Protein chains: 2
Amino acid sequence: MTALDIPAGSPFGPENLPYGVFSVGGDGPRVGVRVGDSVVDLAVALGSGVFAAPTLNPFMAQGFERWVAVREQVTALIAGDVPDRAVHPVAGVRLHLPFEVADYVDFYASEHHASNVGRLFRPDAEPLLPNWKHLPVGYHGRAGTVLVSGTDIVRPSGQRKAPGDALPSFGPSTRLDIEAELGFVVGTGTPLNTPVPVDEFARHVFGAVLLNDWSARDIQAWEYVPLGPNLGKSFATSISPWVVPILALEAARVPLPGQTDPEPLPYLRESRSWGLDIDLAVEWNGEEVSRPPYREMYWSPAQMLAHMTVNGASSRTGDLYGSGTISGPAKNQRGAFLELTWGGQEPVTVKGEERSFLLDGDEVVITATAPGANGGRIGFGEVRGRILPAR
Amino acid sequence: MTALDIPAGSPFGPENLPYGVFSVGGDGPRVGVRVGDSVVDLAVALGSGVFAAPTLNPFMAQGFERWVAVREQVTALIAGDVPDRAVHPVAGVRLHLPFEVADYVDFYASEHHASNVGRLFRPDAEPLLPNWKHLPVGYHGRAGTVLVSGTDIVRPSGQRKAPGDALPSFGPSTRLDIEAELGFVVGTGTPLNTPVPVDEFARHVFGAVLLNDWSARDIQAWEYVPLGPNLGKSFATSISPWVVPILALEAARVPLPGQTDPEPLPYLRESRSWGLDIDLAVEWNGEEVSRPPYREMYWSPAQMLAHMTVNGASSRTGDLYGSGTISGPAKNQRGAFLELTWGGQEPVTVKGEERSFLLDGDEVVITATAPGANGGRIGFGEVRGRILPAR
């Protein structure tokens with residue numbers, strides 16, 4: 001038995017307690033909690049078989065009361081001595097995709113991002129389309145290509161047509177981009193024709209991850225009318241391995257910045273808003289190029305879930321939904337290189353080189369922190385990916 | 001032991017042999033093959049545990065050679081005497097969703113449909129967008145709301161804004177529609193960065209089903225820019241319970257009707273086309289209102305799969321993709337009521353009443369047949385759904 005050593009100021013202190021799936025050596029993947037620089041094996045520490053599973057899904061499906069109870073158990077556990085065989089240094093474990101993704105939906109909830117993209121993709125029209133302030137616009141993405149942080153990203157090929165070309169051609173994307181987002185994972189699903197009221201978000205959504213919605217802008221620009229993005233996005237979406245519980249985000253709650261003109265329809269009105277004061281940072285080859293502020297997002301994750309189910313659609317344990325690119329009003333707060341470099345016309349300097357889109361060998365790391373209980377800060381860890389050449 | 005009685009001219013003769021998942025009484029769901037008016041329990045008849053599963057996924061994952069071998073075994077089996085306890089009258093079984101859906105993608109492969117919708121949704125522009133003849137346009141839909149035929153459809157509610165309204169309002173859809181489609185299910189998935197060549201379609205796709213992509217046109221019209229349809233579609237997609245093997249569709253293969261101007265890019269060029277001569281019929285409250293011809297489709301299902309994976313996206317056992325609405329050139333060949341009634345401006349007569357979109361209590365049944373081996377016709381059964389009032 002050992003007392004866990006939690007470094008002072010660790011973003012993985014007792015206010016956080018994010019869940020992940022890890023393995024050591026040849027053992028099968030299982031559920032752990034990150035505490036400081038350690039991973040606590042919950043099947044060993046708490047003796048419950050649900051944590052011996054290779055995904056968080058069985059635990060998440062047990063529901064809100066159980067999430068609260070386990071969080072209390074873990075809090076008590078790490079305050080005292082923990083069995084040695086339940087503790088692994090995080091540097092010595094392999095981290096896996098933490099949950100099996102059911103459906104994946106990506107929203108478009110930043111007014112700054114949607115306006116910037118509107119100006120870039122439709123320069124002759126109003127940047128925001130008429131529906132944008134009335135509903136959280138979103139679309140379904142490919143669940144099967146959600147990957148854990150650290151998975152290399154092979155540059156996608158596809159059809160793209162430059163404005164001056166008469167015909168499309170096939171080849172590797174030349175405008176490969178990132179989108180810095182948060183992802184939210186549903187723990188407790190709902191049957192058909194049972195919309196989730198906007199104020200019941202925290203009873204249904206288990207936690208949040210960092211999400212990088214890799215985007216091939218040239219493929220996307222050619223394909224996306226009229227049914228939306230497909231191959232420009234479907235090759236890969238990376239998420240961080242640690243799922244930060246919604247229960248750990250109470251101290252991060254802030255009002256939303258807008259929604260007064262127009263006011264949202266009643267099913268989207270929150271009693272108390274789920275705006276979140278989370279600071280992201282985007283590193284490109286080790287140099288920080290952007291600090292997207294989540295508190296600037298127009299729509300809350302509670303509104304997204306209420307919207308997604310208001311038509312009677314069911315939800316399932318493992319449903320993942322992304323916030324859409326997080327961009328603030330300032331240039332260095334933009335969460336996609338498309339915006340940061342204004343479509344490639346205003347390159348940024350990365351390690352002394354002028355850069356617009358991603359080159360082979362580039363690596364992007366997105367991190368985030370938020371206020372935690374007791375005045376400290378909690379961390380989301382990172383979502384990391386490196387670009388390999390097209391095959 | 002009994003010889004199976006197959007009625008003369010049955011669409012479920014030995015050339016078809018579609019697979020489904022059925023249950024009898026309180027027993028758990030298992031895999032069966034439809035023969036005439038009987039269901040043959042494959043776990044009992046062939047003694048393989050893979051058929052005792054509640055979905056086709058484990059069998060489909062065994063791959064092409066195994067699909068061929070089992071089809072030969074079943075063909076031999078039903079030519080002789082079949083154990084009595086393996087045979088159930090189809091009228092006495094319950095049919096379930098035949099496979100667990102991994103990702104669901106819906107295409108838009110009918111030139112007649114895409115042109116009609118373009119004229120209706122964008123009256124001042126070219127009906128076909130510039131990309132349409134270069135790639136099979138498609139988007140991801142909601143896998144979790146794919147339902148088996150016979151499941152009632154509750155009218156969805158959502159935001160919709162009529163052209164004359166200043167603001168959107170919330171309420172039940174008043175323009176609820178169908179889309180008559182075929183769906184294709186992937187049996188053998190592919191890892192990341194391993195595109196499926198267009199000529200390897202039949203090694204990867206296990207079978208085809210009828211698919212009704214229920215669509216709330218008022219919700220869709222308001223939400224769909226710029227990221228495509230979402231809540232207008234995500235409430236329900238119905239499929240037929242019998243999966244017709246691709247192996248049974250050889251006799252239905254026909255050339256595609258177009259693709260000369262422009263010629264598709266090399267990754268979309270088939271050595272021998274997977275155009276399919278399948279005749280659909282749409283019944284509205286028991287009256288046939290349309291006969292959509294699948295042979296008119298511009299893009300083949302082999303091209304759809306090649307396109308979907310050419311960017312490096314993986315595919316999984318249970319991936320389902322829809323063809324998009326099947327419409328022919330004639331008015332009575334249109335596979336959506338939006339087109340059939342020209343946006344509601346030209347109602348059709350159904351059982352003596354003028355009708356445009358679906359009313360509560362309406363029932364829609366889509367059926368299809370195709371040429372089989374030996375000169376007969378094979379059937380897809382039906383996909384059926386009835387509209388219940390909004391909750």
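**Charges, core and a buried helix in a two-chain model**

In chain A of this predicted model, the mean positions of the 31 positive and 44 negative charges lie 2 Å apart. Here Lys and Arg count as positive and Asp and Glu as negative, with His and the chain ends not counted; each charge is placed at NZ of Lys, CZ of Arg, CG of Asp or CD of Glu. Residues are numbered from 1 along each chain as its sequence is written, and chains are lettered from A and ligands numbered from 1 in the order in which they are written. Since the model is predicted, local features need pLDDT of at least 70 and side-chain atom pairs count only at pLDDT 80 or more, while totals for chains, interfaces and linings use all residues; side-chain values use heavy atoms, leaving out hydrogens and water.

On to the overall build. Chain A has eight helices and 28 strands (DSSP runs numbered from the N terminus, with helices being H or I of at least four residues and strands E of at least two). Its C-alpha atoms fit in a box of roughly 70 × 50 × 35 Å along the principal axes. The radius of gyration of chain A is 21 Å, in agreement with the value near 21 Å for a compact globule of 391 residues (taken over C-alpha atoms, the rule being 2.2 Å times the number of residues to the power 0.38). Of those 391 residues, 61% are buried, meaning under 20% relative accessible area, with exposed being over 50% and partly exposed in between (1.4 Å probe, protein chains only). Of the contacts (heavy atoms within 4.5 Å) in chain A between residues at least 6 apart in sequence, 72% link residues at least 24 apart.

What sits at the heart of the nonpolar packing? The largest nonpolar core has 149 residues, and those with the most contacts inside it are A:Leu249, A:Tyr321, B:Leu249 and B:Tyr321. Such a core is a set of buried Ala, Val, Leu, Ile, Met, Phe, Trp, Tyr and Cys residues joined through side-chain atoms within 4.5 Å. Neighbours within four places in sequence aside, A:Leu249 touches several residues, among them A:Ala208, A:Leu276 and A:Phe380.

Helix H7 (residues 301-309) of chain A is largely enclosed by the rest of the structure, because nine of its nine residues are buried. Its buried residues pack against elements of chain A including strand S8 (104-107), helix H5 (201-204) and strand S24 (320-322). In chain B, nine of the nine residues of helix H7 (residues 301-309) are buried, so this helix too is largely enclosed by the rest of the structure. Its cover includes strand S15 (180-186) and strand S16 (205-212) of chain B. One residue of H7 in chain B is B:His307, which counts as buried at 3% relative accessibility. Beyond its neighbours within four places in sequence, B:His307 is in contact with A:Leu231, B:Leu135, B:Pro136, B:Tyr267 and B:Leu268.

A few backbone details round things off. The peptide bond from A:Asp261 to A:Pro262 is cis, with omega near 0°, and A:Pro262 belongs to the loop between strand S20 (253-254) and S21 of chain A. Another cis bond runs from B:Val225 to B:Pro226, with omega near -5°. B:Leu17 is not a glycine, yet has a positive phi of about 60°; at 2% relative accessibility, B:Leu17 is buried. B:Asn285, also not a glycine, has a positive phi of about 50° and is partly exposed, at 25% relative accessible area.
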